Amino acid sequence: MPRHNFSAKVKRQAHERSGGHCEAVGEVYGLPPGQRCNAALAGKRVEIDHYPIPATDEGSDVLENAVACCTKCHGHKTATYDVPMQAKGKRVATRHLGISQPGTLPGARIKYSRARGVWVDRATGQIVEAPQQ
Ligand SMILES: [Zn+2]
């Protein structure tokens, strides 16, 4: 999936808006609801996160969707929010193609690999969701 990256200008503006403190707010970043992290960003690596619009979506590369945050907050969100979201997106896409629906495509297309413990699409070699019973 293509990612929409912020321009240098938007990154600079987000950084300026932050006032040098992490802008991450709330549970998505591993914080109590409504609470801002506020960790000092000076001298540290600053991540510009896409929120609430995922980086894979059109229109996500605007200042309103840019969150200047510390690596801790960004890391938490990436692990607990972005990655599951992307996995969900992939599952939806897979279902859309009819791959996970037995009967739509011959069952032989998907094969269970005992060695790897996963279902594999033989045509692409990619791991797929287990067929729905
Ligand atoms: Zn933070």
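This passage walks through the zinc site, the salt bridges, a buried serine and a small sheet in a predicted model.

The zinc ion is a handy place to start. Its protein donors are the SG atoms of Cys 22, Cys 37, Cys 70 and Cys 73, lying 2.3 Å from the metal. The angles among the 4 donor atoms run from 101 to 119°, and the site comes out as tetrahedral. For reference, the ideal angle for four tetrahedral donors is 109.5 degrees. Along the sequence, the donor residues follow the spacing C-x14-C-x32-C-x2-C. Cys 22 and Cys 73 tie together distant parts of the chain: Cys 22 belongs to the loop between helix 1 (8–18) and strand 1, whereas Cys 73 is in helix 2 (residues 71–96), and the two are 51 residues apart. Both of these cysteines, Cys 22 and Cys 73, are buried.

Next come the charged side chains. The structure has 5 salt bridges, among them one between Glu 23 and Arg 17, whose closest N and O atoms are 2.8 Å apart. The two ends of this pair sit in rather unlike surroundings: Glu 23 has a relative accessible area of 12% and is therefore buried, while Arg 17, at 40%, counts as partly exposed. Arg 45 and Glu 47 also meet through their side chains, with an N to O distance of 3.0 Å. Here Arg 45 is exposed, at 58% relative accessible area, but Glu 47 is buried, at 14%.

The salt bridge between Lys 77 and Asp 82 has its closest N and O atoms 3.0 Å apart. With a relative accessible area of 1%, Lys 77 is buried; Asp 82 is buried too, at 16%, a value under the 20% cut-off. This pair is part of something wider, as salt bridges with shared partners join Asp 49, Lys 77 and Asp 82 into one network.

Ser 60 gives another look at a buried polar side chain. This serine lies in the loop between strand 1 (47–50) and strand 2 (66–69). Its relative accessibility is 0%, so Ser 60 counts as buried. What does the side chain of Ser 60 reach? The answer is the backbone oxygen of Pro 54, at 3.4 Å. Once neighbours within four places in sequence are set aside, the residues in contact with Ser 60 are His 4, Phe 6, His 50, Ile 53, Pro 54, Ala 55 and Asn 65.

Finally, there is the sheet. It is an open one of 3 strands in the order 3-4-5, with antiparallel pairing. Strand 3 and strand 5 (127–128) are at the edges with a single partner strand each, so one side of each has no neighbour in the sheet. Strand 3 (residues 110–113) pairs with strand 4 (residues 118–121) over 4 bridges, in the antiparallel sense. These two strands make a hairpin with 4 residues between them, and Gly 117 in the turn shows a positive phi of about 70°. Strand 4 is joined to strand 5 by 2 bridges, and that pair also runs antiparallel. Trp 119 turns up on both sides of the story: this tryptophan in strand 4 is the bridge partner of Tyr 112, and Trp 119 stands opposite Val 128 in strand 5.

Definitions and conventions:
Residues numbered from 1 in each chain as written. Predicted model: local features only at pLDDT ≥ 70, side-chain atom pairs only at ≥ 80, totals over all residues. Heavy atoms only, no water. Buried < 20%, exposed > 50% of the residue type's maximum accessible area, 1.4 Å probe, protein only. Polar contact = N/O pair within 3.5 Å; in protein donor to acceptor, adjacent residues only side chain to side chain. Contact = heavy atoms within 4.5 Å. Donors = N, O, S within 2.8 Å, 3.2 Å for Na, K, Ca; no water. Tetrahedral: all angles 85-135°; square planar, octahedral: opposite > 155°, others 65-115°. Salt bridge = Lys/Arg side-chain N within 4 Å of Asp/Glu carboxyl O. Pairing = 2+ DSSP bridges.
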